[in-house]
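Okay, can everyone see the screen? I'll put the structure up and then walk through a few places in it.

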Amino acid sequence: MRKFARLLPLVLLFACSTPRKADLLVYNATIYTMDSAFSTSEAMVVQDGKILATGKADELRKKYKTKETLDARGKFIYPGLIDAHAHFFGYANSLRNADLVGTTSWEEILTRLQEFAKTHPDGWLLGRGWDQNDWPGKQYPDNKKLEELFPGRPVLLTRIDGHAAIASKTALDLAGVRAGDKIEGGEIDLLEQGIGSAETGPKMLSGLLVDNAVDLVSAKIPDASKDEMVRSIAQAEQNCFAVGLTSIDDCGLSVSDVGAIRELQDAGKLKMRLYVMLSDNPQSIDYMEQKGILQTDRLTVRGIKLYGDGALGSRGACLLQPYNDKPGYLGFLLNRPEHFDSAAARIIKAGYQMCTHAIGDSGNRTILNIYGKYLKGKNDLRWRIEHAQVINQADFNLFGLHSIVPSVQPTHATSDMYWAETRLGAGRVKGAYAYKQLLGQNGWIPLGTDFPVEDISPFKTFYAAVVRKDASGFPDGGYQMSNALTREEALKGMTIWAARANFEENVKGSLEPGKFADFIILDKDLMKTPEKELLQTQVWMTWSNGEKVFERK
Ligand SMILES: [Zn+2]
């Protein structure tokens, strides 16, 4: 019926043969529309920020008189990409921090920090992106050097996964953290050697903090000024447009962040479309219960983000059996199961999506069972498990049974593949990063990056999902290839399935009449480009709402 209604005006147009006015004709392209038939077309017409028609250029020229035309020069057009799990505000903030990604030793970090401190001489010294797995010896450092190099200055250096950090002595003092302090859902590490004798003397803080312990210190960091924030967000947005993203799921923002987004979007200063999960705190729950779902053209707020457990790299993931490389140690949940249960009861009542970070097989089982208690079988509430990283073979079917959406990040597989088996052992690792197996549960799966934990580029996601190798082509033949996705599946995961994970599949995720004119023009055909060249894919243009927001000069 709807289809017929759409055709009717065209029939009338033919009858009087006056071309209809529209804004833009894009032609000379291969347009992957991402419709249900996975069809391509060579041209499309845009009007008022939406797709009006797709088809043959000749025919569209006869039917429409457009103000502008765009020759796509034979390039490839896709719907604007959607990152189903990222931290857009976190990324914007990270642009003000020392970049520690790719450092290969503690010494290199110290050098980068000294360099950064030359241009950022005052206040907190913040860095992000280290990974001790990339260093010789893979040992966590202690904070002694930080106090030597930056005496009296609070320093906080966050691990690449955001689940651990090294704090300087000054930072720990400011936060009032002392040796021997305990915190639920976190760890405050002590040096092996106490002062004096290891047995009798008081132990000293090493500076390493895990999960909830990190928050003790990060809570003391003063907020950026509004000007600084607006500048960082503008830069973050431009970086994201340049890699083809037009929608981002921000997984864990405060109610006041939502206010800032609305203010920027209303003022035309933020064009990125954002789907927001509110952080798990009383203000968010109040907002959810009082305001309900918020949906504008560029902003959706309808999820609460909870943390089930930590991350595998920092051994904070909660496992059913001990870590392979830490006997007797299971990791931990970040909250008691009762907390997730009572949150679920309120979230289901409000019609929101529950979106819970779960990495370990025990973390996942706990959350799957709590979801199941409320969802009670097939449903369309689209509750999500973020990461769904290590799943016990007996638990995969719970995703299908209760229509639970596994929201996964393929670059995590290729970032973790070097050491995941060391943590998990050969048997358990088979249920890790099992994207194809998870896809089989509901027949669809959204993909994300988790930036700034990973790089923002969605082409890395595509490559990791399909090829399952690192940039150097390791390992030969790909990592656990039975869980690779096809190119078509990966692309759907970054477009229409990502939209679906946000209840937005009727307005975005494909280039079909009536949907937002969010599209990207690429120099490569993602369906056909040889594997080796996929990572070199470049965005020529990004359009959002029928407006060009990025062009590579
Ligand atoms: Zn995340």
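Before I get to the pockets, a quick word on the term: a pocket here is an open set of grid points with protein on both sides within 12 Å along at least five of seven lines. And keep in mind that this is a predicted model.

So, with that in hand, the second largest pocket comes out at about 1,200 Å³. It has 48 lining residues, and the closest to its centre are Ile 160, Ser 415, Val 453, Glu 454 and Asp 455. Which elements give two or more residues to that lining? They are helix H3 (88-94), strand E9 (98-99), strand E10 (125-130), helix H14 (410-416) and H17. H14 gives the largest share, with five residues. As for chemistry, the lining splits into 18 nonpolar, 16 polar and 14 charged residues.

Next, the zinc. Its protein donors are His 85 and His 87, both through NE2, plus Asp 450 through OD, and they sit 2.1 to 2.2 Å from the ion. In sequence that spacing reads H-x1-H-x362-D. Now look at where two of them come from: His 85 is in strand E8 (residues 81-86), while Asp 450 is in the loop between helix H16 (435-442) and helix H17 (458-466), so this pair ties together parts 365 residues apart in sequence. Buried or exposed, what would you guess for His 85? Buried, with a relative accessible area of 0%. Asp 450 is at 7%, which also counts as buried.

Stay in that H16-H17 loop for a second. Pro 452 is found there too, and the peptide bond into it from Phe 451 is cis, with omega near 10°. There's another cis bond, from Phe 474 to Pro 475, with omega near -10°; Pro 475 is in the loop between H17 and helix H18 (487-493). I point these out because most peptide bonds are trans.

On the phi side, two residues caught my eye. Arg 315 has phi near 55°, positive without being a glycine, and is found in the loop between strand E18 (299-307) and helix H11 (337-350). Tyr 433 also has a positive phi, about 55°, and lies in the loop between helix H15 (420-428) and H16. Tyr 433 counts as buried, at 0% relative accessibility.

Now the enclosed spaces. How many cavities of 30 Å³ or more does a search of the whole structure find? Two. The largest has a volume of about 60 Å³, and its lining includes Pro 79, Ile 82, Thr 246, Lys 508 and Phe 516. That lining divides into four nonpolar, five polar and two charged residues. The second largest cavity holds about 40 Å³. Among its lining residues are Ile 82, Asp 83, Leu 447, Thr 449 and Met 494, and the elements giving two or more residues are E8 and H17. Here the split is five nonpolar, three polar and one charged.

Last stop, a sheet. It's open, with four strands in the order E5-E4-E1-E6 and mixed pairing. Strand E5 (50-55) and strand E6 (64-71) are at the edges with a single partner each, so one side of each has no neighbour in the sheet. From one strand to the next the twist averages 30°. Strand E1 (residues 20-27) pairs with E6 in the parallel sense over seven bridges, and Arg 20 stands opposite Tyr 64 in E6.

That's my tour, thanks.

How values were computed:
Residues are numbered from 1 along each chain as its sequence is written. This is a predicted model: local features need pLDDT of at least 70, side-chain atom pairs count only at pLDDT 80 or more; totals for chains, interfaces and linings use all residues. Side-chain values use heavy atoms; hydrogens and water are left out. Donors are N, O and S atoms within 2.8 Å of the metal (3.2 Å for Na, K and Ca); water is not among the atoms, so sites may look incomplete. Buried means under 20% relative accessible area, exposed over 50%, partly exposed in between (1.4 Å probe, protein chains only). Two strands pair if DSSP finds at least two bridges between them. Axes are lines fitted to C-alpha atoms, for helices over the stretch in contact, and angles run from 0 to 180 degrees between N-to-C directions. On a 1 Å grid over the protein atoms alone, a cavity is a set of points where a 1.4 Å probe fits but cannot get out, and a pocket is an open set with protein on both sides within 12 Å along at least five of seven lines; lining residues have an atom within 4 Å of a point. Grid points are joined across faces, edges and corners, and a volume is the space filled by probe spheres set on the points. Ala, Val, Leu, Ile, Met, Phe, Trp, Tyr, Cys and Pro count as nonpolar, Asp, Glu, Lys and Arg as charged, and the others, Gly among them, as polar.
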